[in-house]
Amino acid sequence: MKIAIQGTKTFNDYTIFLRAVGTAMSSMTPDDKEFTIFSAGPMQINSFGMEFSNISERSLKARGIRIKLVKVPPSWIKDNIHEIDYLAYFSKPKEPLSDLVDYAEAKDIEVGVYRY
């Protein structure tokens with residue numbers, strides 16, 4: 001499974017981030033052997049992704065699932081949107097969505113918007 005994550009500079013709630021990644025992981029099929037996170041930033045979102053992958057690596061490896069995090073620019077996600085299974089976007093209430101969210105929805109990619 002391949003997910004993309006992006007957020008705003010003001011988002012800072014790790015528990016909400018965990019909920020989003022858990023939602024994405026719940027849609028994994030039994031034959032998925034790799035969980036790849038493409039992080040389009042900003043720095044706090046990249047840090048959350050790195051922390052999650054480091055903490056989860058051992059338990060996922062025991063179940064035969066490899067996890068990795070790849071930092072990419074938003075333009076890379078747009079260019080490779082057909083490879084993404086899920087997009088999670090993080091922001092505080094009343095902040096605008098990124099154009100990446102609209103683009104993913106237009107391409108029929110499952111999008112989760114987490115505003116807290």
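**Stop 1: helices α1 and α2**

Select residues 14–26, helix α1, and residues 43–62, helix α2, in this predicted model. Their axes come within 11 Å and cross at roughly 50 degrees. Two packed helices are described by the angle between their axes and the distance between the axes. Angles under 35 degrees count as roughly parallel and those from 65 to 115 as roughly perpendicular, and α1 and α2 are therefore oblique to each other. The crossing of the two helices is right-handed.

Now show side chains at the contact. On the α1 side, pick Y14, F17, L18, V21 and M25. On the α2 side, pick F48, G49, E51, F52, I55 and L60. Sorted by class, this contact has 9 nonpolar residues, 1 polar and 1 charged.

**Stop 2: α1 by itself**

Hide α2 for a moment and keep α1. Helix α1 has 13 residues, and from its first C-alpha to its last it reaches 18 Å, close to the 18 Å expected at 1.5 Å a residue. Colour I16, F17, A20, V21, A24 and M25, which are buried. An α-helix has 3.6 residues a turn, so residues three or four places apart point the same way.

What covers these buried residues? Bring back α2 and add strands β1 (2–7), β2, β4 (86–91) and β5 (110–115), which are among the elements covering them.

**Stop 3: S39 in β2**

Go to strand β2, residues 34–39, and select S39. Is S39 buried or exposed? Its relative accessibility is 1%, under the 20% cut-off, so S39 counts as buried. Leave aside its neighbours within four places in sequence, and the contacts of S39 are I5, I45, N46, L69, V70, K71 and V72.

**Stop 4: the cis peptide at P42**

Follow the chain out of β2 into the loop that leads to α2, where P42 is placed. Select G41 along with P42: the peptide bond joining them is cis, with omega about 5 degrees.

**Stop 5: L87 and E110, in β4 and β5**

Select L87, in strand β4. At 2% relative accessibility, L87 counts as buried. Beyond its neighbours within four places in sequence, L87 is in contact with A4, I5, L100, V101, A104, I109, E110, V111 and G112. Draw a C-alpha to C-alpha distance from L87 to G112: these two are 25 residues apart in sequence and 6.2 Å apart in space.

Next select E110, in strand β5. E110 has 47% relative accessibility and counts as partly exposed. Again leaving out neighbours within four places in sequence, E110 is in contact with D85, Y86 and L87. A second distance to draw is E110 to I84, which are 26 residues apart in sequence and 8.9 Å apart in space, C-alpha to C-alpha.

**Stop 6: two residues with positive phi**

Which loop holds K94? K94 is found in the loop between β4 and α4 (99–106). Its phi is near 70 degrees, a positive value in a residue other than glycine. With 86% relative accessibility, K94 counts as exposed.

Finish at D108, in the loop between α4 and β5. The phi of D108 is near 65 degrees, also a positive value in a residue other than glycine. D108 has 72% relative accessibility and counts as exposed.

Note on methods: Residues are numbered from 1 along each chain as its sequence is written. This is a predicted model: local features need pLDDT of at least 70, side-chain atom pairs count only at pLDDT 80 or more; totals for chains, interfaces and linings use all residues. Side-chain values use heavy atoms; hydrogens and water are left out. Axes are lines fitted to C-alpha atoms, for helices over the stretch in contact, and angles run from 0 to 180 degrees between N-to-C directions. Helices (H or I, at least four residues) and strands (E, at least two) are DSSP runs, numbered from the N terminus. Angles under 35 degrees count as roughly parallel, over 145 as roughly antiparallel, 65 to 115 as roughly perpendicular and the rest as oblique. A crossing is left-handed if the near helix is turned anticlockwise from the far one by less than a right angle, and right-handed if clockwise. Contact means heavy atoms within 4.5 Å. Ala, Val, Leu, Ile, Met, Phe, Trp, Tyr, Cys and Pro count as nonpolar, Asp, Glu, Lys and Arg as charged, and the others, Gly among them, as polar. Buried means under 20% relative accessible area, exposed over 50%, partly exposed in between (1.4 Å probe, protein chains only). The expected span of a helix is 1.5 Å times one less than its number of residues.
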